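Me: I'm new to this one and would like to understand why things get the labels they do. Could you walk me through it?

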Amino acid sequence: MAEPMNVHVIDHPLIQHKLTIMRMKETGTKDFRELLEEISMLMAYEITRDFPLKEVEIETPICRCKEKMLAGKKVGVVPILRAGLGMLNGVVNMIPAARVGHVGMYRDPKTLKPVEYYCKLPGDVAERTLIVVDPMLATGGSSSAALSLLKEKGAKHIILMCLVAAPEGVRVINHDHPDVPLYVAAIDEKLNDKGYIVPGLGDAGDRIFGTL
């Protein structure tokens, strides 16, 4: 029996529809990039569902009343370079006050191990909920390493948001970072012998930036 995976799959019909178009090999860079941003907005809507609210008194054109607003939770968005940049605008469009950090990780093509090359974060990282974004969760190595790096820098509240995941990557994140909620739009079948997600959508970074 397969080990249960701790992951939230956001399978809204609009997300499934847009993701299917992204998977198509004939989808060009412009459409791929726009669809990724749109899905990121939809996913950001869902992962912020439990953000705290406070009651405020306002005046409408009709009368004064008490209504709800966000309770001032500090948020940071951290794309894992370079493909994570494709999800950044979608999240920031939904949370304009969020600070933005960057973590540079790449997967060595021979060893498939993550290599860090850049890290720049908001100074108050310990006080923020960090939403880490990366389209593909394949082996899980790069994402796990990025999460470890953020914790070393003082981050205490982290959410990982990916577009497509392989079961192998989900298990790695669950094992290495059981305290980090994981949100994805789809869990695919497996990894192939080159470490690509099957059926996947190819190399997300290349498709976002047109570097095929």
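Reply: Happily! Let's begin with a group of charged residues: Lys74, Asp124, Glu127 and Arg128 are linked in a network of salt bridges. Please keep in mind that this is a predicted model.

Me: How many salt bridges does a search of the whole structure find?

Reply: The search turns up 11 salt bridges.

Me: What makes the contact between Lys30 and Glu34 a salt bridge?

Reply: The label needs a side-chain nitrogen of Lys or Arg within 4 Å of a carboxyl oxygen of Asp or Glu. For Lys30 and Glu34, the N to O distance is 3.0 Å, so the pair fits that cut-off. Both residues belong to helix α2 (residues 29-47), and because they are four residues apart there, about one helical turn separates them.

Me: Why is Lys30 called exposed, and what is Glu34 called?

Reply: Exposed means over 50% relative accessible area. Lys30 has 55% relative accessibility, so Lys30 counts as exposed. Glu34 has a relative accessible area of 36%, so Glu34 is partly exposed.

Me: What about the salt bridge of Glu59 and Arg64: which label does each residue get?

Reply: Their side chains meet at 3.3 Å, N to O. Glu59, with a relative accessible area of 58%, is exposed, while Arg64, at 48%, counts as partly exposed.

Me: How far apart are the closest N and O atoms of Lys151 and Asp179?

Reply: Those atoms are 2.9 Å apart, and the two residues form a salt bridge. This pair links distant parts of the chain, 28 residues apart: Lys151 is in helix α4 (residues 141-152) and Asp179 is in the loop between α5 (167-176) and β10 (182-187). Lys151 has 29% relative accessibility, so the label is partly exposed.

Me: How do you know that the charged end of Lys73 sits over the ring of Phe51?

Reply: One requirement is that NZ of Lys is within 6 Å of the ring centre. The charged end of Lys73 is 5.4 Å from the centre of the Phe51 ring, so the distance fits that limit.

Me: Which residues does the UniProt annotation "binding site" cover?

Reply: According to the unreviewed UniProt entry, they are Ile197, Gly202, Asp203 and Ala204.

Me: Why are Ile197 and Ala204 called buried?

Reply: Buried means under 20% relative accessible area. Ile197 has 7%, so Ile197 counts as buried, and Ala204 is buried too because its value is 4%. Ile197 lies in strand β12 (residues 197-198), and Ala204 in helix α6 (residues 204-209). Leaving aside neighbours within four places in sequence, Ala204 is in contact with Phe32, Ala83, Pro135 and Met136.

Conventions
Residues are numbered from 1 along each chain as its sequence is written. This is a predicted model: local features need pLDDT of at least 70, side-chain atom pairs count only at pLDDT 80 or more; totals for chains, interfaces and linings use all residues. Side-chain values use heavy atoms; hydrogens and water are left out. UniProt positions are given in the numbering used here, feature names are shortened, and annotations may be inferred rather than shown by experiment. Helices (H or I, at least four residues) and strands (E, at least two) are DSSP runs, numbered from the N terminus. Buried means under 20% relative accessible area, exposed over 50%, partly exposed in between (1.4 Å probe, protein chains only). Contact means heavy atoms within 4.5 Å. A charge sits over a ring if NZ of Lys or CZ of Arg is within 6 Å of the ring centre and within 35 degrees of the ring normal.
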